[in-house]
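Biologist: Before we discuss individual residues, may I ask you to explain the reasoning behind each label you use?

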Amino acid sequence: MALVLEQVLNGVQLGVMLFLLAAGLTLIFGIMGVINLAHGSLYMVGAYAAAFVAQATGSFLLAIPAGLAAAALVGMAIEYGVVRHLYARDHLDQVLATFGLILFFNQLVVLLFGRQPMFVQIPPALAGAVDLGFFSYPVYRLCIIAVGLATAGALFWLIQRTRLGMLVRAGATHRDMVQALGVDIRLLYTVVFGLGALLAGLAGLMAGPLLSVQVGMGEQILILTFVVVVIGGLGSVTGAFAGALLVGVVDTSLRAFLPGLLRGLMTGSEADALAGGVSAMGVYLLMAIVLLVRPKGLFPAHG
Amino acid sequence: MDEPRTPAVTKDAKPPRWRAWAPYAGLLALVALPFAAQALGQAALTTLATRMVILAIAASALNIALGLGGLVSFGHAAFYGVGAYAVGILTTHGASGAPFLGFIPGSELLGVNLLAAMLASGLVAGAIGALALRTSGVQFIMITLAFAQMLFFFFVALKAYGGDDGVSMRRRNALPGLNMRDDMTFYFVSLAILAVWLGISARLFHSRFGLLLGGIRQSERRMQAIGVSTVRTRWLAFVLSGMGTGLAGGLMAVFGRFVSPDMMHWTQSGELLIMVVLGGAGTIFGPVLGAFALIGLETLLAGWTEHWQVILGPALVLMALTFRGGLARLGRRREGP
């Protein structure tokens, strides 16, 4: 029972990370109609900037603003320099341009930091575990869950309750009308892109102490984020939230429990091989099932 | 639905005369290439050209889905890899004598194995297409990418066939009467397969099926209104496209005597897309030009600096922002709306 709860928490932790990326990706698509493959690069930029500052100063508190600022600035620069010219183009051009950006950023990181992964210490104040009644759980992971849920809450408040959110919602459904009413839509686009980049950077800097910070970390999570967005429904932040938690929990539990379950049915080595394959494919199978039942995802945007 | 920006093959009003001769001149250059390479003492040029020819088959196959059908598949590396694994697995079993799955006999014959590669990748494309074609636009891009990634992880986990390390083959598949170990022979075999494939796709482009696909790409609703089963036509195009890509993957496996999950890495899908767009989506020879141009550019840049992707990346961005229509449309009159 304790093990199950622990794995569920691990799943939720992966889920909120995925949500931070999926929310940005789905907002950018929902409002601007752009598919941004370089979203994973922004995650990587956040992680590297935070890791660099943390290693240089030894302070994780300084690393947080560094990671956030780096991701948001690079994001807005990408919007201004490249993505802005792609709004009216078909998705193929967007895929090619942002694919080029991925190659560029990955190789730039190799140039600047080398191919060796960087490791970041968990900040001392958050190291250790907390006793949750009948099992103990790392404080840092609990913090990620808390930050993720708080960010999700703030994002929903921003979208549903503020003027900026109103423009975002209106821009997603009636782009031309918003522009006709005198809103500077280009500024709105840059701001939304920067917001998406900020969220990706937040996920990246939080992932640093858990995973190794290395080239290619962005694409690994980007493809999982695509699965989340497709399951949740493209353009829907609610869908991104539900999809992220679902994918996080399913992925984590398959990896944790499947080998044990299969070992009851067959010999150890065969079970491990099969379990490895199935759990790696699990979330993609989940996506296939969702597509069969609801081709537009669980929470389709715009009806 | 987004309208792809370029029409498929259209009958141009009086193209310049050199355009009619360009394919033959290109073929002649390709036939002469290995002899020239030998005369210059640059044998490595022949293996480079073989890679280009094989990838040209893959790009040309992707073009059926992308250029003709307007299906932006970001997962064609999966079919490339499945074709390669089909050859790799059959060859391993052919060498050891034990049948695959207990009843499928292995083989070391090139013809048999390439047919198996097309069959396997066609089956996989059929399954993926049936699911992915329920969506369109950006979702289709994401889903094809996700399914390709799923297969990537499947083969990484497939420890029976090397897992991460892949499968190595002791010798190249045999083609009776030819010495396939000779790189020049292998180059000409690949070139012949490319020529046959291009001939088939040229027929396909001008067939009823090709015209239907073009029609669906331009306006699905109208084609439905005149009674075309658009879903089935698209699915068939996707499967054909997957089979051609699998053929290229199988040939590449024989060429390098090696298969690994890296062949279905998502960047491979991206490179195939770039080849098609760079050369000219929807044209018959465009993807071939694109494959030669991209591999050539990569090889040049890689010889110059280890960090060649820092240059290639922005070059791709520039290409996507400014370059329309592709290499194959150079010298052609601007097509009307």
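Modeller: M243(B) is partly exposed, since its relative accessible area is 24% and that label covers values from 20% to 50%. Please bear in mind that this is a predicted model.

Biologist: Where does M243(B) lie, and which residues does M243(B) contact?

Modeller: M243(B) is part of helix 9 of chain B. Neighbours within four places in sequence aside, M243(B) is in contact with M118(B), S121(B) and G122(B). In addition, the C-alpha atoms of M243(B) and A58(B) are 9.4 Å apart, although 185 residues separate the two in sequence.

Biologist: Why is H307(B) called buried?

Modeller: The relative accessibility of H307(B) is 18%, and the cut-off for buried is under 20%; H307(B) therefore counts as buried. This residue is located in the loop between helix 11 (286-304) and helix 12 (309-322) of chain B.

Biologist: Which residues does H307(B) touch?

Modeller: Residues up to four places away in sequence are not counted; H307(B) then touches Q107(A), V110(A) and L111(A).

Biologist: What makes R257(B) partly exposed, and what is the sign of its phi?

Modeller: R257(B) has a relative accessibility of 35%, and partly exposed runs from 20% to 50%, so R257(B) receives that label. Its phi is near 50 degrees, a positive value in a residue other than glycine. Most residues other than glycine have a negative phi. R257(B) sits in the loop between helix 9 (230-256) and strand 2 (258-259) of chain B.

Biologist: How do you know that chain A is as compact as a globular protein of its length?

Modeller: Chain A is made up of 11 helices and 2 strands, in the order α-α-α-α-β-β-α-α-α-α-α-α-α from the N terminus. For 303 residues the globule rule gives 19 Å, and the radius of gyration of chain A is 20 Å, which is close; chain A is therefore as compact as a globular protein of that length. The C-alpha trace spans about 65 × 50 × 35 Å along its principal axes, and buried residues make up 55% of chain A.

Biologist: What does the corresponding comparison give for chain B?

Modeller: A compact globule of 337 residues would have a radius of gyration near 20 Å, and chain B has 20 Å, so the two agree. Chain B contains 12 helices and 2 strands, and 56% of its residues count as buried. Along the principal axes, its C-alpha trace spans about 60 × 50 × 40 Å.

Biologist: How many positive and negative side chains does each chain carry?

Modeller: Chain A has 13 positive and 11 negative side chains, with the centres of the two sets 9 Å apart. Chain B has 25 positive and 14 negative charges, whose mean positions are 13 Å apart.

Biologist: Which residues touch the most other members of the largest nonpolar core?

Modeller: That core has 205 residues, and M32(A), L37(A), V247(A), M287(A), F74(B) and M142(B) touch the most other members. Membership requires a residue to be buried, that is, under 20% relative accessible area. M142(B) is in contact with L25(A), I35(A), F226(A), V229(A), V230(A) and L234(A), leaving aside its neighbours within four places in sequence.

Definitions and conventions:
Residues are numbered from 1 along each chain as its sequence is written. Chains are lettered from A and ligands numbered from 1 in the order in which they are written. This is a predicted model: local features need pLDDT of at least 70, side-chain atom pairs count only at pLDDT 80 or more; totals for chains, interfaces and linings use all residues. Side-chain values use heavy atoms; hydrogens and water are left out. Helices (H or I, at least four residues) and strands (E, at least two) are DSSP runs, numbered from the N terminus. Buried means under 20% relative accessible area, exposed over 50%, partly exposed in between (1.4 Å probe, protein chains only). Contact means heavy atoms within 4.5 Å. The radius of gyration is taken over C-alpha atoms; the globule rule is 2.2 Å times the number of residues to the power 0.38. Lys and Arg count as positive and Asp and Glu as negative; His and the chain ends are not counted. The place of a charge is taken as NZ of Lys, CZ of Arg, CG of Asp or CD of Glu. A nonpolar core is a set of buried Ala, Val, Leu, Ile, Met, Phe, Trp, Tyr and Cys residues joined through side-chain atoms within 4.5 Å.
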